[in-house]
Amino acid sequence: MVPSLHYDMQVPAMIEFARNDLVMKVCAYAGAGKFTIEEREVPEITAREILVKTKVVGVCGTDVHKAIHQTVPEGTVLGHEISGVVERVGENVLQFKPGDKVAIQHHAPCMSCKTCLHGHHSLCDQYLETNVIPGGFSEYIRIMPENVKHTVKRMPDNVDFVEGAFMEPLSCCLRGFGKLDPLPGDNFLILGLGPIGMLFCQIAKAFNANCVTGIEIDPFRLQFAKNTLGINHAFNPKMDSWDSFAVDKDIEDFDHIIITVGKGSVYQGTFDHVARGTKVLFFAECPPNQEIILDPNMVYKHELVLLGSYSSAPRYLTMAMDLISNGSIAVRPLVTHIFPPEEIGKAISLAKTARESLKVMIQFQD
Ligand SMILES: [Zn+2]
Ligand SMILES: [Zn+2]
């Protein structure tokens, strides 16, 4: 309903600003890996919030994990790798205006508690209390004040919506990579060459790694990492034995190992590849109750370093957008499939099976 002039004059500006009678399309989780397209009301916003019209949303491994393992209630709207256009801003929002192209991270830390000050931004109490509403796989999303303040980034003109949607996952990788505190010329092993593994390969190369080795069982992904990204070695444990491969390729000790596959057996297998002082980054969520066996002397006598990195922090969002914009990290070639929202179920199952695919995305039309 379009408000009459008379109506406009009767209501305070903020309420007038927030009102809308529109409906929008959302992809709602319907249990057991299934989704339905629902019509819901476009969210209203308050004075310090913004409304974003969603353009592109990447499918993340955690979306797949939640959908397959049913860790979220039915009706949940998943999706958190988001780019879009600011549709409307609350009256107290000064840094954004309608029409701005933006990328968004869904959780926002407070930036001032002890946890944040220690750099554990993703463990801040506020972090998981914030989110985009109702979720990324929605035609419009409401951005809470905490997110408006710290986790919405304007996209440079040379970054398109597909590329912008990589800000969130790339920022997570940059944060994890930073925890390794590597030196140029280091040797890296990346376990799993999905979209996240591919981002780590590129970050390591951009950081002047001496050697990047990837381990993956999917031939398409191995070929891509070797031929398109130019990693030094691509190993398929289903086809070859590691010992002969390592001797044949004259592979040096690894300074860093990055685990991007959420399986206890993959985590356990990592310890076959550690050397003196190797730093191991735990970067993938496992199903519950997975265990690994660790010889304490590997940590004590060989100074093995185990690091975890979950999600992101605001400074890495800026860094990610800069690296996408200046071409240091090429995200476009990682996109193999773009689906309309109606085909979200297909997108999730493709991302799960990972067959001949890398990044799978959902694109909303105007
Ligand atoms: Zn994610
Ligand atoms: Zn905090």
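Let's start at Cys 286, which sits in the loop between β12 (279-282) and α12 (296-300). Keep in mind as we go that this is a predicted model. What does Cys 286 touch, once we leave aside its neighbours within four places in sequence? The contacts are His 65, Gly 262, Lys 263, Gly 264 and Tyr 267. Take Gly 262 from that list: Cys 286 and Gly 262 are 24 residues apart in sequence, yet their C-alpha atoms are 4.2 Å apart in space.

Another of those contacts, His 65, brings us to helix α3. His 65 is buried in α3, and so are Asp 63, Val 64 and Ala 67. What do the buried residues of α3 pack against? They pack against three strands, β1, β2 (35-41) and β3 (50-58), and against the helix α14.

Let's look at that helix pair. The axes of α3 (residues 61-69) and α14 come within 10 Å and cross at roughly 105 degrees. With that angle, α3 counts as roughly perpendicular to α14. On the α3 side, the residues that meet α14 are Asp 63, Val 64, Ala 67 and Ile 68. On the α14 side, the partners are Ile 348, Ala 351 and Lys 352.

Now step to either side of α3 in the chain, and you find a metal site. The zinc ion (ligand 1) is coordinated by Cys 60 through SG and His 80 through NE2, at 2.1 to 2.3 Å. Cys 60 is in the loop between β3 and α3, while His 80 is in the loop between α3 and β4, so to speak a link between distant parts of the chain, 20 residues apart. Are these two residues buried or exposed? Both Cys 60 and His 80 are buried.

There is also a second zinc ion to look at, ligand 2. Its protein donors are the SG atoms of Cys 110, Cys 113, Cys 116 and Cys 124, lying 2.3 to 2.4 Å from the metal. If you look along the sequence, those donors follow the spacing C-x2-C-x2-C-x7-C. Why do we call this arrangement tetrahedral? Because the four donor atoms subtend angles of 106 to 115 degrees around the zinc ion (ligand 2). For comparison, the ideal angle for four tetrahedral donors is 109.5 degrees. As for how covered these cysteines are, Cys 116 is buried, with a relative accessible area of 3%, whereas Cys 110 is partly exposed at 24%.

On to charges. Side chains of opposite charge can pair when their charged atoms come close. How many salt bridges does a search of the whole structure find? It finds eight. Let me show you some of them.

One is between the side chains of Lys 25 and Glu 342, at 2.8 Å from N to O. Lys 25 lies in strand β1 (residues 23-29) and Glu 342 in the loop between β14 (335-339) and α14 (344-353), so this pair ties together parts that are 317 residues apart in sequence. Lys 25 is partly exposed, with 29% relative accessibility, and Glu 342 is partly exposed too, at 45%.

Then there is a network of salt bridges linking Lys 97, Asp 100 and Arg 154. The side chains of Lys 97 and Asp 100 meet at 2.9 Å, N to O. Arg 154 also forms a salt bridge with Asp 100, and here the closest N and O atoms are 3.3 Å apart. That second pair links distant parts of the chain, with Arg 154 in strand β7 (residues 152-154) and Asp 100 in the loop between β4 (81-89) and β5 (101-104), 54 residues apart. Asp 100 is buried, at 5% relative accessibility, while Arg 154 is partly exposed, at 44%.

Last, some backbone details. Most residues other than glycine have a negative phi, and most peptide bonds are trans. Which residues have a positive phi without being glycine? Gln 70, with a phi of about 55 degrees, is one of them. Gln 70 follows α3, and its relative accessible area of 49% makes it partly exposed. Asn 208 is another, with phi near 60 degrees. Asn 208 lies in the loop between α8 (195-206) and β9 (211-215), and at 55% relative accessibility it counts as exposed.

And the peptide bond from Ile 133 to Pro 134 is cis, with omega near 5 degrees. You can find Pro 134 in the loop between α4 (114-117) and β6 (140-143).

Terms used: Residues are numbered from 1 along each chain as its sequence is written. Chains are lettered from A and ligands numbered from 1 in the order in which they are written. This is a predicted model: local features need pLDDT of at least 70, side-chain atom pairs count only at pLDDT 80 or more; totals for chains, interfaces and linings use all residues. Side-chain values use heavy atoms; hydrogens and water are left out. Donors are N, O and S atoms within 2.8 Å of the metal (3.2 Å for Na, K and Ca); water is not among the atoms, so sites may look incomplete. Four donors count as tetrahedral if all angles lie between 85 and 135 degrees; four count as square planar and six as octahedral if opposite donors are over 155 degrees apart and all others between 65 and 115; anything else is irregular. Buried means under 20% relative accessible area, exposed over 50%, partly exposed in between (1.4 Å probe, protein chains only). A salt bridge is a side-chain nitrogen of Lys or Arg within 4 Å of a carboxyl oxygen of Asp or Glu. Helices (H or I, at least four residues) and strands (E, at least two) are DSSP runs, numbered from the N terminus. Axes are lines fitted to C-alpha atoms, for helices over the stretch in contact, and angles run from 0 to 180 degrees between N-to-C directions. Angles under 35 degrees count as roughly parallel, over 145 as roughly antiparallel, 65 to 115 as roughly perpendicular and the rest as oblique. Contact means heavy atoms within 4.5 Å.
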